[in-house]
Amino acid sequence: MRHLLSISDLGVEGIEEVCRLADHFTEVSQRSIPKVPALRGKTVATLFYEDSTRTRLSFEVAARRLSADVMGFSVSNSSVNKGESVRDTVNTISAMGPDALVVRHRSAGVPHQVAAWTGAAVINAGDGWHEHPTQALLDCYTIRDRLGSLAGRRIVILGDVKHSRVARSCVRAFTALGAKVTLVAPPTLLPPAVDSWPVDIGFSLDAVLTDCDVVYGLRVQNERQSEALLPSLREYTAQWGLTVDRAARMKPDALVMHPGPVNRGVEIAPEVLDRPNATLNEQVRHGVVVRMAVLYLLLVADPNSP
Ligand code: NCD
């Protein structure tokens, strides 16, 4: 594998390989010096055209723990503000010789384009509504860590599926590993071609809550909506929110997950986020070791392996 643009680039074996490597890097992260020399002499550049806290920091920490050098690029203080195109920016950064480019952009397909323009390995860190493969990998790793495996597990993905690249990557990854996924969302927040997705659709959270193993909440993505798809946030929470009452009806060991950032009190009640079965901080922690695994696979493992 040369690039990680979609979960489909990995397949089931690739996802399992990432999880195995992440187990190893978890052990590394617990050492007093949580660092290995695997990427010494390599450079990882981050190219973020959209806001990010955890994804960007997580890639940077992962690269440093593997002893790589890190080049950070953020649009807010770069020549993009002077009108430089993505292609020229990629050419400029590529001329400095990075080994990997981690790309986030508001338009679907930009990381694929970048892969055609650079000799570096490209990692998709979120492109428009399309994909966010490393988020899905860290979520698989978190479920596997808590519940043993994904096979046969019932996972509810709740909320704004339409605008969510996380949902698209998670559906691919969770179903590849044998989980049964149900999307629960207002009809206006389901994607147009959802009939072709390998999922069930539910229009009532209450109907699926009691026998699922995971509720995966999505942020209501106001910045990606051009039309009024919701009556009001209060009505949204009343019908589709994971409230304290609803969370109390979940199985005791069922997980509450969310990729962050959370609109507290909209998609999930604050009290529910503080319960021990809410995995948000674990997801962030696992993000580092999973991204170490991805960087290792792309930059160190045998380049001729599929
Ligand atoms: C997500 C993203 O940016 O796609 N966040 C993340 O990477 N953890 C989800 C979101 O923006 O809601």
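The residues around the ligand, meaning those with a heavy atom within 4 Å of it, are Arg-54, Thr-55, Arg-104, His-132, Gln-135, Arg-165, Val-166, Arg-219, Gln-221, Pro-259 and Gly-260. This is a predicted model, where local features need pLDDT of at least 70, side-chain atom pairs count only at pLDDT 80 or more, and totals for chains, interfaces and linings use all residues. Residues are numbered from 1 along each chain as its sequence is written, and side-chain values use heavy atoms, with hydrogens and water left out.

By class, that shell holds four charged, five polar and two nonpolar residues. Here Asp, Glu, Lys and Arg count as charged, Ala, Val, Leu, Ile, Met, Phe, Trp, Tyr, Cys and Pro as nonpolar, and the others, Gly among them, as polar.

Where does the shell come from? Domain 1 (7–131 + 284–299) and domain 2 (133–279) each give at least three residues; the bounds come from an automatic or database domain assignment. At least two shell residues come from each of α2 (54–65) and α6 (165–176). Helices (H or I, at least four residues) and strands (E, at least two) are DSSP runs, numbered from the N terminus.

Now the polar contacts, which are pairs of N or O atoms within 3.5 Å. The side chain of Thr-55 places an N or O atom 3.0 Å from a ligand oxygen. For Arg-104, a polar side-chain atom is 3.1 Å from an oxygen of the ligand. Gln-135 has a polar side-chain atom 3.2 Å from a ligand nitrogen. How much of the ligand does the protein bury? Of the 320 Å² that the ligand exposes when taken alone, 95% is buried by the protein, by the Shrake-Rupley method with a 1.4 Å probe.

Two backbone points to finish. Gly-260, one of the shell residues, is joined to Pro-261 by a cis peptide bond with omega about -5°. Pro-261 sits in the loop between β9 (255–257) and α10 (270–273). Ser-67, a residue other than glycine, has a positive phi, near 70°, and lies in the loop between α2 and β2 (69–74).

Notes. A polar contact is a pair of N or O atoms within 3.5 Å; within protein, one must be able to donate a hydrogen and the other to accept it, and residues adjacent in sequence count only if both atoms are side-chain atoms.
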